[in-house]
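Here are my notes on the model you sent round. Have it open beside you and tick off each point as you go.

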Amino acid sequence: MANVSVYNIEGKEVGTIDLSDAVFGVEVNEHLVHMAVVSQLANKRQGTQKAKTRSEVSGGGRKPWRQKGTGHARQGSTRSPQWTGGGVVFAPTPRDYSMKLNKKEKRAALKSALSSRVAENKFIVIDEMNFGEIKTKNFQNMLNNLNVNKALVVLEDGNVNAELSARNIANVKTARTNTINVFDILKYNTVIASKAAVANIEEVYA
């Protein structure tokens with residue numbers, strides 16, 4: 001069972017916490033993690049790109065000149081791909097890029113990502129992130145005290161002040177325990193979570 005330090009928002013160590021091996025101590029499955037990231041990025045793609053082929057471009061019904069005797073190469077249509085205003089050879093058409101992962105695969109990938117952050121000492125637990133007001137400076141001071149500049153901050157539900165205080169800071173993203181994902185965990189250098197969020201993650205994913 002992994003044991004990590006617990007800090008307050010001043011950056012001082014105030015205790016330790018045991019993390020569940022079922023969530024934060026699993027063997028990292030790199031293949032599943034890769035599949036989860038590829039799936040997530042693919043599912044973001046709109047797939048609405050479209051260009052017209054030669055059959056869809058308007059015009060071009062008449063042969064531009066007779067077949068033989070002009071000295072020009074033979075042409076059948078002014079909408080062929082080699083003509084200005086012609087169609088595109090292998091034109092893209094709308095398609096669905098989405099990939100499906102099973103629930104078990106998604107959970108296993110998320111646990112692997114969290115476990116890798118713990119193993120690399122890039123998982124920081126905060127005692128509680130209570131901010132009396134919505135103020136970006138207060139949140140930035142907490143990050144400075146922890147020597148963190150690019151972080152995914154996982155908050156418990158209802159912590160609106162912390163969520164809104166962080167939204168204007170570059171390279172910082174907040175997430176609730178039910179919205180964390182593999183891509184964000186790997187994208188940011190450090191994962192910061194409140195004790196309440198850690199307890200919630202262990203309850204949901206254990």
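1. Starting at the N terminus, the elements of the protein chain follow the order β-β-α-α-α-β-α-β-α-β-α-β-α. That gives seven helices and six strands, where helices (H or I, at least four residues) and strands (E, at least two) are DSSP runs numbered from the N terminus.

2. A word on the ground rules. This is a predicted model, so local features need pLDDT of at least 70 and side-chain atom pairs count only at pLDDT 80 or more, while totals for chains, interfaces and linings use all residues. Residues are numbered from 1 along each chain as its sequence is written, and side-chain values use heavy atoms, with hydrogens and water left out.

3. Now the overall shape. The radius of gyration of the protein chain, taken over C-alpha atoms, is 27 Å, well over the 17 Å that the globule rule gives for 206 residues, so the chain is more spread out than a compact globule. (The globule rule is 2.2 Å times the number of residues to the power 0.38.) Along its principal axes, the C-alpha trace spans about 90 × 40 × 25 Å.

4. Look at the strands next; two strands pair if DSSP finds at least two bridges between them. Strand 1 (residues 2–7) and strand 2 (residues 13–19) run antiparallel and are joined by six bridges. They form a hairpin with five residues between them, and Gly-11 in the turn has a positive phi of about 90 degrees. Strand 1 also runs parallel to strand 3, with two bridges joining them. Val-6 is a handy marker: its bridge partner in strand 2 is Gly-15, and in strand 3 Val-6 stands opposite Val-125.

5. Which residues have the most contacts inside the largest nonpolar core? They are Phe-24 and Phe-123, in a core of 31 residues. Such a core is a set of buried Ala, Val, Leu, Ile, Met, Phe, Trp, Tyr and Cys residues joined through side-chain atoms within 4.5 Å. Helix 3 (residues 103–119) gives the largest share of this core, five residues. A second, separate core has 17 residues, including Phe-131 and Leu-146.

6. Those two Phe residues also meet ring to ring. Rings of Phe, Tyr and Trp (its six-membered ring) pair if their centres lie within 6.5 Å; planes under 30 degrees apart count as stacked, over 60 as edge-to-face and the rest as tilted. The count comes to three aromatic pairs. In one of them, the rings of Phe-24 and Phe-123 have centres 5.2 Å apart and planes at 55 degrees, so the pair is tilted. This pair links distant parts of the chain, with Phe-24 in helix 1 and Phe-123 in strand 3 (residues 123–126), 99 residues apart.

7. Buried or exposed: which is Phe-24? At a relative accessible area of 3%, Phe-24 is buried, and Phe-123 counts as buried too, at 6%. The cut-offs are under 20% for buried, over 50% for exposed and partly exposed in between (1.4 Å probe, protein chains only).

8. For contrast, try Glu-27, in the loop between helix 1 (21–24) and helix 2 (30–44). Glu-27 is exposed, because its relative accessible area is 73%. Ser-39 in helix 2 counts as buried at 5%. Ser-39 touches Met-99 and Leu-101, not counting residues up to four places away in sequence; contact means heavy atoms within 4.5 Å.
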